[in-house]
Amino acid sequence: MFMNSGILASQGLAFGKALLYKEEKIIINYNKISINEVDKEIKRFIDARHKSIVQLKSIVKKANKLFGRKKAIIFEGHILLLEDIELEQEIITLIKKLNFTADAAIFSVMNDQIIALKNINDIYLKERVIDIHDISKRLLHNILELEIIDLSLIKDKIILIAKDLTPSLIAQFDIKVVIGLLTDLGGSTSHTSIIARSLGLPAIVGLGNITSKIKTGDIVILDGINNKFYINPSSDIINEFKLLRRKFFIEKNELKKIKDLTAVTLDGHMVEISVNINKIDDVKNVFSSGAESIGLYRTEFLFMNRSSLPDEEEQFLVYKDIAKRMNNKPIVIRTMDIGGDKYISYLNFPKEENPFLGWRAIRIMMDRKDILYSQIRAILRASYFGKLYIMFPMIISLEEVLFLKKEISKIKIELFNDGYFFDNNIKIGVMIETPSAAIISNHLAKEVDFFSIGTNDLTQYTLAVDRGNDSISHLYNPFSPAVLYLIKRIINYSHIEGKWTSVCGELASDRNAVVLLLGMGLDKFSVNITSVANVKKIIRNTNFFKAKKLVKNVLSESTVEGVMYLLNKFIRKNNILNI
């Protein structure tokens with residue numbers, strides 16, 4: 001079966017078996033049981049608990065082998081909670097005394113514990129909420145005989161089929177195992193798409209109901225070049241795919257010849273190409289990609305898929321490791337950017353009408369100084385081992401910057417008194433991703449060492465378009481004259497103050513936008529590891545003087561259509577995309 005009704009989120013090719021990640025809805029039976037059914041319901045609970053423990057013991061063994069002791073300990077804790085005598089007595093009491101079904105009793109007891117822990121004024125106990133939730137979910141899945149899929153323990157290569165993928169879910173799987181993605185939901189700028197591109201995973205999103213058309217074990221061809229995929233393809237289609245794959249690899253090899261060359265224009269203007277990374281394992285690919293530095297390290301992935309906050313020492317060891325591996329090359333470390341669609345349950349987020357405009361990123365850290373201090377202390381301590389920069393996200397005012405600089409000064413004094421070595425002149429920058437920050441960039445540039453433009457959120461907030469909302473995603477366009485005006489303004493004011501600006505959003509690797517950003521005077525392009533060679537190719541095929549003239553004309557346009565006409569005309573006329 002051939003289909004192509006989705007949005008191409010990430011280019012590439014994949015051929016393999018499908019794994020359908022589809023959690024069945026948990027439906028609790030709240031009907032009262034008779035006295036004659038009590039023993040049967042108690043047995044259901046005991047059997048489900050036993051099955052859960054057996055599963056967790058198996059996971060502990062695999063986790064020890066694949067990921068080490070640290071991850072295995074989490075599951076060992078789940079086993080201890082399941083074996084708790086008080087938990088058993090509470091569930092059995094509801095079955096015996098109140099005639100609850102086993103599933104209703106489990107849900108009631110677990111839910112009461114979650115509510116109680118959330119209301120206790122103790123950080124450690126509050127952080128146990130995620131453990132109770134996971135155990136409850138496993139128990140209920142087993143008692144209702146629903147399938148449980150643990151992505152972190154899959155060994156065979158698969159193309160993942162899902163309704164949608166949260167960042168925390170994506171963080172579970174191994175890039176060597178998951179070779180492609182097809183999802184019901186999502187747009188070109190959804191986090192699923194962004195992370196797929198950063199991992200180099202071919203992906204088609206926004207397919208509507210793909211989870212009802214593909215089952216686990218189906219053979220799938222994912223053509224992320226032509227935005228097509230095939231379910232259980234014929235031998236003729238498979239042979240055509242092999243020819244396409246051969247051509248794809250030839251072009252990829254041609255790009256490899258470019259990746260280690262400098263990013264310099266035809267008339268000698270040089271820019272820096274850096275990469276965005278999510279975790280420490282990504283570092284090994286930085287230099288092999290042809291990049292010069294790390295322009296964005298998303299530290300929020302350190303905080304996800306766990307039951308408690310990483311402490312200062314754990315963060316320090318990670319940052320130190322990255323610093324040493326990078327051999328004194330710059331690393332821009334973005335402080336925890338949790339919130340919006342990146343949710344972690346142990347932080348007890350308030351229920352919000354619009355989480356993208358709510359308690360997220362730097363707002364959390366300014367309220368929770370314990371999180372701010374542990375992360376900044378860890379970064380500063382690690383700065384002794386390499387060239388680390390601190391970058392704060394979601395800035396909207398000068399007051400925030402002044403507050404954060406003051407807190408960093410206090411932390412430096414603490415570290416000095418504690419006898420730690422660190423870079424006292426560490427660079428401090430901010431992400432410009434809100435219209436307010438863009439408008440006051442002339443003031444911000446006086447107080448920070450650099451800017452990094454987050455074009456994904458800047459576009460979303462400027463145009464008042466939720467990039468995760470499929471019904472209005474067509475309104476999201478970073479080539480809007482309003483967005484381009486703000487980007488140029490930001491770059492101009494950073495240069496007036498002698499500072500540099502990078503773009504770490506998706507626009508930095510968009511083949512149409514690279515020429516435009518270059519002509520605006522962008523100093524650094526921070527892109528996905530898989531995009532480095534492509535961006536270098538475009539820069540090396542471009543005349544900087546001509547690109548500046550293009551920008552002048554583009555900024556006088558009042559419509560997206562006018563912008564794209566001039567841009568495409570320039571790219572074709574100057575053969576920018578030729579290798």
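Q: Is Arg 377 buried or exposed?
A: In this predicted model, the relative accessibility of Arg 377 is 11%. The cut-off for buried is under 20% relative accessible area. Because 11% falls under that limit, Arg 377 counts as buried.

Q: With which residue does the side chain of Arg 377 meet in a salt bridge?
A: Side chains of opposite charge can pair when their charged atoms come close. For Arg 377, the N to O distance in the salt bridge is 3.3 Å. The partner of Arg 377 is Glu 414.

Q: How many residues apart in sequence are the parts that Arg 377 and Glu 414 tie together?
A: Arg 377 belongs to helix α13, whereas Glu 414 belongs to helix α14 (residues 398-417). The two residues sit in separate helices, so their salt bridge ties together parts of the chain. The separation in sequence is 37 residues.

Q: Is Glu 414 buried, partly exposed or exposed?
A: Buried means under 20% relative accessible area and exposed means over 50%, with partly exposed in between. Glu 414 has a relative accessibility of 33%. Because this value lies between the two limits, Glu 414 counts as partly exposed.

Q: Which residues do salt bridges that share partners join into one network?
A: Arg 377 and Glu 414 both take part in this network. Shared partners link the salt bridges into one group. The full membership is Glu 312, Glu 313, Arg 377, Arg 381, Glu 414 and Asp 418.

Q: What is the N to O distance in the salt bridge between Glu 313 and Arg 381?
A: The side chains of Glu 313 and Arg 381 meet in a salt bridge. This pair links distant parts of the chain, 68 residues apart, with Glu 313 in helix α11 (residues 312-325) and Arg 381 in helix α13 (residues 369-382). Glu 313 is partly exposed at 37% relative accessibility, while Arg 381 is buried at 7%. The N to O distance for the pair is 3.2 Å.

Q: About how far apart in helical turns are Lys 257 and Glu 254?
A: Lys 257 forms a salt bridge with Glu 254, with the closest N and O atoms 3.2 Å apart. Lys 257 is exposed at 58% relative accessibility, and Glu 254 is partly exposed at 31%. Because the two are three residues apart in helix α9 (residues 235-259), their separation is about one helical turn.

Q: How many salt bridges does the structure hold?
A: The pair Lys 257 and Glu 254 is one example of a salt bridge, and the pair Glu 313 and Arg 381 is another. The number of salt bridges in the structure is 23.

Q: Which helix gives the most to the positive patch?
A: The positive surface patch is formed by Lys 546, Lys 549, Lys 569, Arg 572 and Lys 573. Helices α21 (544-554) and α22 (560-573) each supply at least two of its residues. Arg 572, exposed at 58% relative accessibility, is found in α22. With three residues, the helix that gives the most is α22.

Q: In which helix does Glu 90 lie?
A: Glu 90 gathers with Asp 84, Glu 86 and Asp 112 in a surface patch of negative charge. Its relative accessible area is 38%, so Glu 90 is partly exposed. The helix that holds Glu 90, spanning residues 85-97, is α3.

Q: How many of the residues of strand β10 are buried?
A: Strand β10 has a parallel partner in β9 (residues 272-277), joined by four bridges. β10 also pairs in the parallel sense with β11 (residues 331-334), over three bridges. β10 (residues 293-298) is largely enclosed by the rest of the structure, because the number buried is six of the six.

Q: Which residue in β16 stands opposite Ser 274?
A: Four bridges join β9 to β16, and the two strands run parallel. In β16 (residues 524-527), Lys 524 and Ser 526 point one way and Phe 525 and Val 527 the other way, and all are buried. The residue opposite Ser 274 is Ser 526.

Q: What separates the C-alpha atoms of Leu 56 and Glu 76?
A: Leu 56 lies in helix α1 (residues 38-67) and is buried at 1% relative accessibility. Leu 56 and Glu 76 are 20 residues apart along the chain, and their C-alpha atoms are separated by 7.4 Å.

Methods: Residues are numbered from 1 along each chain as its sequence is written. This is a predicted model: local features need pLDDT of at least 70, side-chain atom pairs count only at pLDDT 80 or more; totals for chains, interfaces and linings use all residues. Side-chain values use heavy atoms; hydrogens and water are left out. Patches are made of residues with over 30% relative accessible area and no salt bridge: like charges are joined within 9 Å, nonpolar side chains (Val, Leu, Ile, Met, Phe, Trp, Tyr) within 5 Å. Accessible areas come from the Shrake-Rupley method with a 1.4 Å probe; for residues, only the protein chains shown count as cover. A salt bridge is a side-chain nitrogen of Lys or Arg within 4 Å of a carboxyl oxygen of Asp or Glu. Lys and Arg count as positive and Asp and Glu as negative; His and the chain ends are not counted. The place of a charge is taken as NZ of Lys, CZ of Arg, CG of Asp or CD of Glu. Buried means under 20% relative accessible area, exposed over 50%, partly exposed in between (1.4 Å probe, protein chains only). Two strands pair if DSSP finds at least two bridges between them.
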